[in-house]
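Biologist: I am new to this structure. Please take a close look at one part for me, the aromatic rings, and then place that part in the rest of the chain.

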Amino acid sequence: EELEEDFNRVVPPSELRARIEDVLEVLADFKSRREPGRSRSEYIERLAQDMAELFGYLQELVDYFLSMLGPNEALEFLEASDKP
C-alpha cells in the first residue's frame, strides 16, 4: 500500500512534514480520528519512518525517542537538535 509506494521514491521534505503533522493529529484524538482497521502501532511506525527520513536519523533511534518522550515531544526534540 502507501508504505510500499514510498519505499521506491524520494519523498519531499514538505510531504514528510505534512504526514508527520497528520499522524500527530490522529494520535492526539486517536479514538475519533483513526482510520477504521488501523492500529495505533501502525501510526507510530509511519511516524517513526517519516521522522527518521526527514531528520536523517536511524529509525531505531527515532523509535527510542518516541518510547522515551512521546510523539509530540520527540518531534520537538528532533527539531531542536536539527538547528545549527
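Modeller: Start with Arg40 and Phe30. The charged end of Arg40 sits over the ring of Phe30, and the distance to the ring centre is 6.0 Å. Bear in mind that this is a predicted model. Arg38 and Tyr43 make a similar picture. Here the charged end of Arg38 lies over the Tyr43 ring, 4.4 Å from the centre of that ring.

Now turn from charges over rings to rings beside rings. The count of aromatic pairs is four. Take Tyr57 and Phe65. Their ring centres are 6.1 Å apart, and their planes stand at 80 degrees, so this pair is edge-to-face. The cut-off for that name is an angle over 60 degrees. How covered are the two partners? Phe65 has a relative accessible area of 10%, so it is buried. Tyr57 has 27%, so it is partly exposed. The limit behind those words is simple: buried means under 20%.

Phe65 has another ring partner, Tyr64. The centres of the Tyr64 and Phe65 rings lie 6.5 Å apart, with the planes at 50 degrees, so this pair is tilted. An angle of 30 to 60 degrees gives that label, because stacked needs under 30 and edge-to-face needs over 60. Tyr64 is partly exposed, at 46% relative accessible area. Put the rings together and a cluster appears: Tyr57, Tyr64, Phe65 and Phe77 are linked by ring pairs.

Follow two of those rings outward. Tyr64 and Phe77 also belong to a nonpolar patch on the surface. Leu58, Leu61, Met68 and Leu69 complete the patch. Together the six residues have about 570 Å² of accessible area. Which helix gives the largest share? That is helix α5, residues 59-69, with four residues of the patch. Leu69 lies in helix α5. Its relative accessible area is 33%, so Leu69 is partly exposed.

Step back to the whole chain. There are six helices and zero strands. Read along the sequence, the pattern is α-α-α-α-α-α. The chain has 84 residues, and 32% of them count as buried. Its accessible surface comes to about 5700 Å², with 52% belonging to carbon and sulfur atoms. Contacts also reach along the sequence. Of those between residues at least 6 apart, 41% join residues at least 24 apart.

Two acidic residues make a useful contrast with the rings. Asp50 sits in helix α4, residues 40-55. Is Asp50 buried or exposed? It counts as buried, because its relative accessibility is 1% and the limit is under 20%. Leaving aside residues up to four places away in sequence, Asp50 touches Leu16, Arg19 and Ile20.

Asp22 is in helix α2, residues 13-28. At 46% relative accessibility, Asp22 is partly exposed. Asp22 and Leu47 are 25 residues apart in sequence, while their C-alpha atoms are 9.4 Å apart in space.

To return to the rings, keep two sites in mind. One is the cluster of Tyr57, Tyr64, Phe65 and Phe77. The other is where you began, with the charged end of Arg40 over the Phe30 ring.

Technical notes
Residues are numbered from 1 along each chain as its sequence is written. This is a predicted model: local features need pLDDT of at least 70, side-chain atom pairs count only at pLDDT 80 or more; totals for chains, interfaces and linings use all residues. Side-chain values use heavy atoms; hydrogens and water are left out. Helices (H or I, at least four residues) and strands (E, at least two) are DSSP runs, numbered from the N terminus. Buried means under 20% relative accessible area, exposed over 50%, partly exposed in between (1.4 Å probe, protein chains only). Contact means heavy atoms within 4.5 Å. Rings of Phe, Tyr and Trp (its six-membered ring) pair if their centres lie within 6.5 Å; planes under 30 degrees apart count as stacked, over 60 as edge-to-face and the rest as tilted. A charge sits over a ring if NZ of Lys or CZ of Arg is within 6 Å of the ring centre and within 35 degrees of the ring normal. Accessible areas come from the Shrake-Rupley method with a 1.4 Å probe; for residues, only the protein chains shown count as cover. Patches are made of residues with over 30% relative accessible area and no salt bridge: like charges are joined within 9 Å, nonpolar side chains (Val, Leu, Ile, Met, Phe, Trp, Tyr) within 5 Å. A salt bridge is a side-chain nitrogen of Lys or Arg within 4 Å of a carboxyl oxygen of Asp or Glu.
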